[in-house]
Amino acid sequence: MEIKITRTECPKALPDSSTLGFGKIFTDHMFVMDYSKQEGWHDARIIPYGNLSISPACTALHYGTEIFEGLKAYRTPDGGVQLFRPIENARRMNRSAKRLCMPEIPEDDIVEAITTLVNLDRAWVPNDPGTSLYIRPFMFGNDETLGVHAVDHATFVIILSPVGSYYKEGLNPVKIMIEDEDVRAVRGGTGEAKCGGNYAASNRAGDRAEKKGYSQVLWLDGVERKYIEEVGAMNVMFKISGKVVTPALSGSILPGITRKSIIEMLKKEGTPVEERRLSVAELAQAMKDGTLEEAWGCGTAAVVSPIGELSYKGEVYIVNEGKIGELTQHLYDTLTSIQWGKAEDPFNWTVKI
Ligand SMILES: *Cc1c(COP(=O)(O)O)cnc(C)c1O
């Protein structure tokens, strides 16, 4: 793929690492590429970061034809920069594209676009503990029509944002509310695609949980509202009687790369893992009889997020005395050491750029 590069004439000052937060500051450049049914993907370019110009009739604004990805570039102890399993993000982006009838992009081109852009804005990969450069590739339907139709024109963009440590005050267990009214997704819907619409649908429950003092909701399946699916925008795992149990990918669950990596890690270490249906009744029973040992969410942003409290229909359950479990901590430490290049990567997950 040929990428035309136009450098900014007014580079911004690099931000102070202590002020980063999440997704508020953007680097000097962005990647943009256009698609039309006639020409295919064309005009791959890196240009100064700035506003896009789109028609008010742009289909994404009306009908939600938008998909995205999220991954990070990490600063290693030797000053290098590496990515974590970027090919997995490229593959998932294409699976999301298929689901929304949007055009696919050759996986190697997606990775090349990411790599070229990150390399250009390499100085923006922060260095403080826990910080990273968040990479947000996204694609939106860009037809100028109010007709409802599969996508004939699309735009693919990558923006970069230096982000602070998710755990400024250390790895803290969070309070989770099991949501029994709203659902995030149903089988046959778009739950397994990483698309913007799923997020719009989850805002109401998230908002309600926040008002009650919970940090996220735990989603149940959309048909019976009995089976556990995900927690907020993370996959979820439980340690019950020494075994790790996580909901099987049923069609309405987002196939997380962190989830997949943890499962591979656990298998290698000889910890039993079960991917299966887990009902909220089974979980409640495990909480009552004390066999629920640990619970955590997992995703790129937080890596591993311990769950200290779960509430369901007004009952409150404390997990592991509200403390971080041993396995939760181990998974966090092992995965982050690989991602930040502080430990061997026996899986070959990281890609130096
Ligand atoms: C992105 C995402 C995840 C986590 O996926 P990772 O690849 O591990 O970052 C989980 N659930 C939802 C709904 C997501 O959008």
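Student: By class, which residues make up the lining of the second largest pocket?

Tutor: Four nonpolar, two polar and six charged residues. The classes are fixed by name: Ala, Val, Leu, Ile, Met, Phe, Trp, Tyr, Cys and Pro count as nonpolar, Asp, Glu, Lys and Arg as charged, and the others, Gly among them, as polar. The lining includes Glu-179, Asp-180, Glu-181 and Arg-208, so by that list these residues fall in the charged class.

Student: What am I looking at, and how are residues numbered?

Tutor: This is a predicted model, where local features need pLDDT of at least 70, side-chain atom pairs count only at pLDDT 80 or more, and totals for chains, interfaces and linings use all residues. Residues are numbered from 1 along each chain as its sequence is written, and side-chain values use heavy atoms, with hydrogens and water left out.

Student: Why is one space called a pocket and another a cavity?

Tutor: The test runs on a 1 Å grid over the protein atoms alone. In a cavity a 1.4 Å probe fits but cannot get out; a pocket is an open set with protein on both sides within 12 Å along at least five of seven lines. Lining residues have an atom within 4 Å of a point. The second largest pocket has a volume of about 170 Å³.

Student: How many cavities are there, and how much space is in the largest?

Tutor: The whole structure has two of 30 Å³ or more. The largest holds about 80 Å³. Volume here means the space filled by probe spheres set on the points, with points joined across faces, edges and corners.

Student: Which element gives the most to the lining of the largest cavity?

Tutor: Strand 5, with three residues. Strand 5 (71-75) and helix 5 each supply at least two. These elements are DSSP runs numbered from the N terminus: helices are H or I, at least four residues, and strands are E, at least two. The lining includes Thr-258 and Thr-300.

Student: Which residues are closest to the ligand?

Tutor: Lys-194, Tyr-199, Glu-230, Thr-258 and Thr-300, out of 14 that surround the ligand. A residue counts as near if one of its heavy atoms lies within 4 Å.

Student: What makes the Thr-258 pair a polar contact?

Tutor: A polar side-chain atom of Thr-258 lies 2.6 Å from a ligand oxygen. The cut-off is a pair of N or O atoms within 3.5 Å; within protein, one must be able to donate a hydrogen and the other to accept it, and residues adjacent in sequence count only if both atoms are side-chain atoms. The Thr-258 pair therefore qualifies. Thr-300 also places a side-chain N or O atom 2.6 Å from a ligand oxygen. At Ala-233 a polar backbone atom is 3.4 Å from a ligand nitrogen. The protein covers 96% of the 380 Å² of accessible area that the ligand has on its own.

Student: Why is Ala-302 called buried?

Tutor: Its relative accessibility is 2%. Buried means under 20%, exposed over 50%, partly exposed in between (1.4 Å probe, protein chains only). Ala-302 therefore counts as buried. Ala-302 sits in the loop between strand 15 (292-299) and strand 16 (303-312).

Student: How do you know that Thr-8 is buried?

Tutor: Thr-8 is at 18%, so it counts as buried. The Thr-8 side chain reaches the backbone nitrogen of Cys-10 at 3.1 Å.

Student: Is Glu-326 buried or exposed?

Tutor: Exposed, because its relative accessibility is 73%. Glu-326 is found in helix 7 (residues 326-339).

Note on methods
Accessible areas come from the Shrake-Rupley method with a 1.4 Å probe; for residues, only the protein chains shown count as cover.
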